[in-house]
Amino acid sequence: MAKTKKPVVAHCFVILLCFQCNNPAKDKTDMSADTHAFSYNVEKINGSHEIDADWNKSVWNETPELLLENFMGDRPDHFPKTRARLRYDDEYIYVIFKVEDRYIKAVATETNGRVWQDSCVEFFFSPGEDVERGYFNFEANCKGVYLFQYHPSDGSKGSFTKEEYDQITISHSIDRDVTTESSEPEIWTLEYKIPFDILSNYIPVDKPKPGTVWRANLYKCADNTSHPHWITWAPVDHPKPNFHLPEYFGRLTFE
């Protein structure tokens, strides 16, 4: 009499269970997932909007937030909870970050300095649905010192004029000197607005209106601190930290 064969599927299921018990789920987003799943609806502002880094004012309390939960490189020991909100009107895009941080440091003092080495939040965006047109990167440390550059489709990069930089308004919650790293836990906020008009001088811009889509990613980093990290909103599949990869940008849909 022939022996009854056990179903192969059952063996596979047992093996899979054992594998999962010995190998807890990865703490990174599956990079095979469509990064376009990382989408955010940008609501329009009606009326005036003061830039004062107040995360709790009414306009932001009524705005959905996005959370930066992915990272590049090894999972950092210090993983600051970083949230952001975005809005727009006919002239500007508005961005605010809230960071529950520690090991805070800010050394850069000049526009377009090495702010990414400090406690820094970043907004990279392509002003349309096709990232091939180029992108912008706005990076600001916790003291409101920022770097803002454009990267057109020809692979070059450049900086804005002083008159264009003067049209950007930015506010930050940390006012004291943190050139020496502070190890105490602290929540800090950063808010700014960028005019659409200065963008179109360098890269074609789909000016936001209901239904317009931009591509973007948001980041938190602190390269030259005691606890460096490279945290992202949409996941970035690259062996080393590199935020300049627009093919991994998520989607901003303007309402």
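**Exercise 1. Strand β1 and its neighbours**

In which sense do β1 and β14 pair, and over how many bridges? Then name one bridge partner in each strand that pairs with β1.

Solution. The model is a predicted one, and the steps below read it as it stands.

Step 1. The pairing of β1 with β14 is parallel and has four bridges. Within it, Val42 has Phe254 of β14 as its bridge partner.

Step 2. β1 also runs parallel to β4, and two bridges join these strands. Here Glu43 is matched with Arg87 of β4.

**Exercise 2. Strand β6**

Find the strands that pair with β6, and decide whether the residues of β6 are buried or exposed.

Solution.

Step 1. β6 and β7 run antiparallel and are joined by six bridges. In this pairing Phe125 stands opposite Phe136 of β7.

Step 2. β12, residues 213–221, also pairs with β6 in the antiparallel sense, over seven bridges. Cys120 has Cys221 in β12 as its bridge partner.

Step 3. Sort the side chains by direction. Cys120, Glu122, Phe124 and Ser126 point one way from β6, whereas Val121, Phe123 and Phe125 point the other way. Both groups are buried.

Step 4. Seven of the seven residues of β6 are buried, so the strand is largely enclosed by the rest of the structure.

**Exercise 3. The largest pocket**

How many residues line the largest pocket, and which lie nearest its centre? Describe the lining by element and by residue class.

Solution.

Step 1. The largest pocket holds about 240 Å³ of space. Its lining has 16 residues, and Trp116, Glu122, Glu139, Phe243 and His244 lie nearest the centre.

Step 2. β6 (120–126), β7 (134–141) and β8 (146–152) are the elements that give two or more residues to this lining. β8 gives the most, with three residues.

Step 3. By class, the lining residues are seven nonpolar, five polar and four charged.

**Exercise 4. Aromatic pairs**

How many aromatic pairs does a search of the whole structure find? Classify the pair Tyr88 and Phe254 and the pair Phe148 and Phe160.

Solution.

Step 1. The search finds 25 aromatic pairs. Two values describe each of them: the distance of the ring centres and the angle of the planes.

Step 2. For Tyr88 and Phe254, the centres are 5.0 Å apart and the planes meet at 85 degrees. An angle over 60 degrees counts as edge-to-face, and the pair is edge-to-face. Tyr88 belongs to strand β4 (residues 81–88) and Phe254 to strand β14, so to speak of sequence, they are 166 residues apart and the pair links distant parts of the chain. Both Tyr88 and Phe254 are buried.

Step 3. For Phe148 and Phe160, the centres lie 4.4 Å apart and the planes are at 15 degrees, so this pair is stacked. Phe148 is in strand β8, while Phe160 is in the loop between β9 (158–159) and α3 (162–165); the pair therefore ties together parts that are 12 residues apart in sequence.

Step 4. Check accessibility, with under 20% as the cut-off for buried. Phe148 is buried because its relative accessibility is 0%. Phe160 is buried too, because its relative accessible area is 6%.

**Exercise 5. A charge over a ring**

Where does the charged end of Lys193 sit?

Solution. The charged end of Lys193 is over the ring of Tyr92, at 4.2 Å from the ring centre.

**Exercise 6. Residues in loops**

Place Ala53, Asn112 and Val236 in their loops, and state for each whether it is buried, partly exposed or exposed.

Solution.

Step 1. Ala53 is in the loop between β1 (39–44) and α2 (58–61). Its phi is near 65 degrees, a positive value in a residue other than glycine. Ala53 counts as buried because its relative accessible area is 8%.

Step 2. Asn112 lies in the loop between β5 (92–101) and β6. Phi of Asn112 is near 70 degrees, again positive in a residue other than glycine. At 25% relative accessibility, Asn112 is partly exposed.

Step 3. Val236 is in the loop between β13 (230–232) and β14 (250–254). Val236 is buried because its relative accessibility is 4%. From Val236 to Glu247 the distance is 11 residues in sequence and 8.8 Å in space, C-alpha to C-alpha.

Key: Residues numbered from 1 in each chain as written. Predicted model: local features only at pLDDT ≥ 70, side-chain atom pairs only at ≥ 80, totals over all residues. Heavy atoms only, no water. 1 Å grid on protein atoms, 1.4 Å probe; cavity = no way out; pocket = protein on both sides within 12 Å on 5 of 7 lines; lining within 4 Å. Points joined across faces, edges and corners; volume = space filled by probe spheres on them. Nonpolar A, V, L, I, M, F, W, Y, C, P; charged D, E, K, R; others polar. Buried < 20%, exposed > 50% of the residue type's maximum accessible area, 1.4 Å probe, protein only. Phe/Tyr/Trp six-rings, centres within 6.5 Å; stacked < 30°, edge-to-face > 60°. Lys NZ or Arg CZ within 6 Å of the ring centre and 35° of its normal. Pairing = 2+ DSSP bridges.
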